[in-house]
Structures are given as C-alpha cells and as structure tokens.
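I opened this model with a notebook beside me and jotted down what I looked up, entry by entry. Here are my notes, in the order I took them.

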Number of protein chains: 2
Amino acid sequence: MDMPEYGFDPLKLSNQLCFPLYVCSKEIIKKYRPLLEKLDLTYTQYITMMALWEEDSLSVKELGDRLYLDSGTLTPLLKSLETKGYVTRTRLESDERVLAVSLTEEGKALRVKALPIPAAVAACTSLSAEDARSLYDLLYKFIGNLRG
Amino acid sequence: MDMPEYGFDPLKLSNQLCFPLYVCSKEIIKKYRPLLEKLDLTYTQYITMMALWEEDSLSVKELGDRLYLDSGTLTPLLKSLETKGYVTRTRLESDERVLAVSLTEEGKALRVKALPIPAAVAACTSLSAEDARSLYDLLYKFIGNLRG
DNA sequence: ATAAATTTGATTGCGCGCAATTTAATAGCA
DNA sequence: TGCTATTAAATTGCGCGCAATCAAATTTAT
C-alpha cells in the first residue's frame, strides 16, 4: 500500500540539476546550427576545429582528452573533416599507433569565417556578463569534481 | 598576411560557455548510466518516466514540451518503453491525432526503484548546496532567455 | 630476448537528437 | 456543406555519443 508523501520529491523534474544541464546544452547547440551550417560544420566538428586552431597537429588521444570525446566518436568525425578538406590524418613514423591530425590551409582559413560565431551566439542568450561568468565557473567546478 | 593577435581569442575553447555546458551534460549523464541500467532505462527514457510519474497520461506533444524533445525522438523511445512494459500508447477517441501515453502498473512500480538515483548521482558531484542552487538558477535563467 | 601488459586507434552496434517530409484528423470559415 | 489551414504523430535519414571489442605497436618485466 502506498504511503502519502510529503515535502521534497527527489524524482520531480524541477528538482533535478541534470535536466536543465541537458536542456541547456541541447538548446544552445541548436543556436549554433544555422551559423555552423555556413561553414559546413556540426557543433562537435566545430569544437574539434577550435582545438586544432589553438594547437595544430594533435593526436586523436589528445583531441579526445581536450574535448571529452572518445575514438568511437572522433574517428568518423575526423574522417568527415578530412573529406571536407579541413584536416589531414597521418600516422607518426616514430609510433605508428599515433594518428596526427593537422589543419590544411583551408582548415586554417576557416577560422576567420568562424570568428564572428561566438558573439552571434552570445547575443541569443542575454545573460549578464556576471551571470555568464558565474555559470562558467560553476560548470568548470562541476567538471573538476566529476573527472574522478 | 596574418596579423599578430593580442588579448582575447573568441575561439579558444576555454573562452566558451557552451563547451563546458556540453561537457557537463554528457559527463553527468554518464554517471546515471550504471544506475539506470538496473532499471533498463536510458537517461532520456528516465526523464520521460519522471514526467509521467509526475503526471500520468500525457500526450506525445505534452511530453515533448516538458522534456524539450520532438516526436522524432519520442516516438521510437515511447515504443521502446511500451515494449519494456512501462507505458501504454493509446489514441484518444475524442481526437484521434492525440496519442496518450500512460504508465502501466509496472511503470508505476518502477518509481520506487528509481527513488535512490538522484541522491546517488548527487553524491558523485560534491558541489555544495549553494553552488548547486546557483547553478540550477543560472541554468533556468539561461533556458528562459533561449526559448524565444 | 621474449612474454605480458599497456597504449592507441578502429570498428561495430545501438540510442538518441533533430530537420524535413508525410499522413491523418480536426478546426475554421465562406 | 465543402475547402483550407492547422495540429499531432510517424517516418526517414544523418550525425553524433559511447560501450564493447578488436588489432597493432610499444613498453615492461623477467
């Protein structure tokens, strides 16, 4: 027989922290889509390019560490970026297990077209600078705690 | 010819707000996986069940509005939940376009097995109560701004 | 030197997530 | 009454996201 319940319901959607995280992530990525379409990139491809714009020639492993993605996601994604002509994939002579991913000239040039994107997306959100900063800090605190 | 750049780089991964959102969402859902496995639910199925535990018998449309999901995601997901025996799918006589999703007895009973999950996940995060509250509030502020 | 363990990446398979299209049913209106 | 517009789901197709497995190369310990 069911007992009546009082007070806090741990299973209410509005009592979850994960649910708004999940929604925010999806909804904000949705804002990127029309902008990235012009560059022929998906969001995951975009952050991969960002990692390479910061440091050209990274291994799949290094990319995975920085982007929190594994090879099951990266391998087909990198092949797709190679097909688009944005990156090359070359195995190291010194260690044939390591696949080095590097930008092509076209891939490097794409960065200029991507430059206005962050501000364009930020314009959709209308969070104050302080709120955005707080959110940023809390998210990284969260990630830091999770990694273990 | 390239100009040297000074100061803020809008395309640095560490200058993005979306990236840590995306990572947090994925990493926290990863924490749910082993817990939900025991209930034979994925995370998306879990939040669908949560919506139904809150209010039994919702249309696909209502579920989509509450969960920020569309029919392309929900239709196969709900068929899967039906196959597992957790929900039924019935069209309304009054309006045959509307598909009512309702809990079976097994689906209702599953709630008890799910009760300890939120606390178990919260234990992984070790955010203080105040930080969790701040994060929660900022995320909903963010969602509120995005909906337009 | 050689066997065992580790590391790196590829592959496979499944479940979203979503845009676009289609089908069916209802509501609004001349 | 019909005609149109709208709404609700389903369907299709593609790209992740990730667990699990596999193969190859390297490191290590004996």
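**Entry 1: DNA strand D.** Before listing anything here I fixed my term: I call a residue near a strand if its C-beta atom, placed from the backbone, lies within 6 Å of it. I also kept in mind that this is a predicted model. Which residues come nearest to DNA strand D? Of the 24 residues around that strand, I found Thr42(A), Gly72(A), Ser59(B), Lys61(B) and Gly72(B) to come nearest.

I then asked which elements these surroundings draw on. From chain A, helix 2 (43–54) and helix 4 each supply at least two residues of the surface near DNA strand D, and from chain B helix 1, helix 3 (60–67) and helix 4 do so. Helix 4 of chain A gives the largest share, four residues. By residue class I noted five nonpolar, 10 polar and nine charged.

**Entry 2: DNA strand C.** I repeated the lookup for the other strand. There are 24 residues around DNA strand C, and Ser59(A), Lys61(A), Gly72(A), Thr42(B) and Gly72(B) come nearest. Two or more residues each come from helix 1 (18–37), helix 3 (60–67) and helix 4 (71–84) of chain A, and also from helix 2 (43–54) and helix 4 (71–84) of chain B. Which helix gives the largest share of the surface near DNA strand C? I found helix 4 of chain B, with four residues. My class tally for the surface near DNA strand C reads five nonpolar, 10 polar and nine charged.

**Entry 3: how the two copies are related.** Next I superposed the chains. A rotation of 180 degrees, with 0.0 Å of shift along its axis, brings chain B onto chain A at an RMSD of 0.1 Å. The two copies are therefore related as by a two-fold rotation axis. I also wrote down that the same surface serves both copies, since 100% of the contact residues of chain B recur in chain A.

**Entry 4: the contact between the chains.** How many residues does each chain bring to the contact? I have 48 residues from chain B and 48 residues from chain A. On the side of chain B that touches chain A, helix 1 (18–37), helix 2, helix 5 (105–114), helix 6 (117–125) and helix 7 (129–146) each supply at least two residues. Helix 7 of chain B gives the largest share of that side, 13 residues. The residues of that side of chain B divide into 34 nonpolar, six polar and eight charged.

**Entry 5: the sheet of chain B.** I moved on to the strands. Chain B has an open sheet of three strands in the order 1-3-2, with antiparallel pairing. Strand 1 and strand 2 of chain B are the edge strands, each pairing on one side only.

I went through the pairings one by one. Strand 1 (residues 58–59) and strand 3 (residues 99–103) of chain B pair in the antiparallel sense over two bridges, and here Leu58(B) has Val101(B) as its bridge partner. Strand 2 (residues 87–91) and strand 3 of chain B are also antiparallel, over five bridges. In that pairing I found Thr90(B) opposite Ala100(B), and Arg91(B) with Leu99(B) as its bridge partner.

**Entry 6: Val98(B).** I stopped at the loop between strand 2 and strand 3 of chain B, where Val98(B) is found. Is Val98(B) buried, exposed or partly exposed? I call Val98(B) partly exposed because 14 other C-beta atoms lie within 10 Å. Leaving aside its neighbours within four places in sequence, Val98(B) is in contact with Ser59(B), Arg91(B) and Leu92(B). I also checked Val60(B), which is 38 residues apart from Val98(B) along the chain, and the C-alpha atoms of the two are separated by 7.5 Å.

**Entry 7: the sheet of chain A.** Last, I looked at chain A. Chain A has an open sheet of three strands in the order 1-3-2, with antiparallel pairing. The edge strands are strand 1 (58–59) and strand 2 (87–91) of chain A, each pairing on one side only. Strand 1 and strand 3 (residues 99–103) of chain A pair in the antiparallel sense over two bridges, with Ala100(A) as the bridge partner of Ser59(A). My final note is on helix 4 of chain A, which lies across strand 2 and strand 3 of chain A and runs at about 120 degrees to strand 2 of chain A.

Definitions and conventions. Residues are numbered from 1 along each chain as its sequence is written. Chains are lettered from A and ligands numbered from 1 in the order in which they are written. This is a predicted model: local features need pLDDT of at least 70, side-chain atom pairs count only at pLDDT 80 or more; totals for chains, interfaces and linings use all residues. Ala, Val, Leu, Ile, Met, Phe, Trp, Tyr, Cys and Pro count as nonpolar, Asp, Glu, Lys and Arg as charged, and the others, Gly among them, as polar. Two strands pair if DSSP finds at least two bridges between them. Two residues are in contact if their C-beta atoms, placed from the backbone, lie within 7 Å. A residue is buried if 20 or more other C-beta atoms lie within 10 Å of its own, exposed if 12 or fewer, and partly exposed in between; C-beta atoms are placed from the backbone. Copies are superposed by least squares on the C-alpha atoms of residues with pLDDT of at least 70 in both. Axes are lines fitted to C-alpha atoms, for helices over the stretch in contact, and angles run from 0 to 180 degrees between N-to-C directions.
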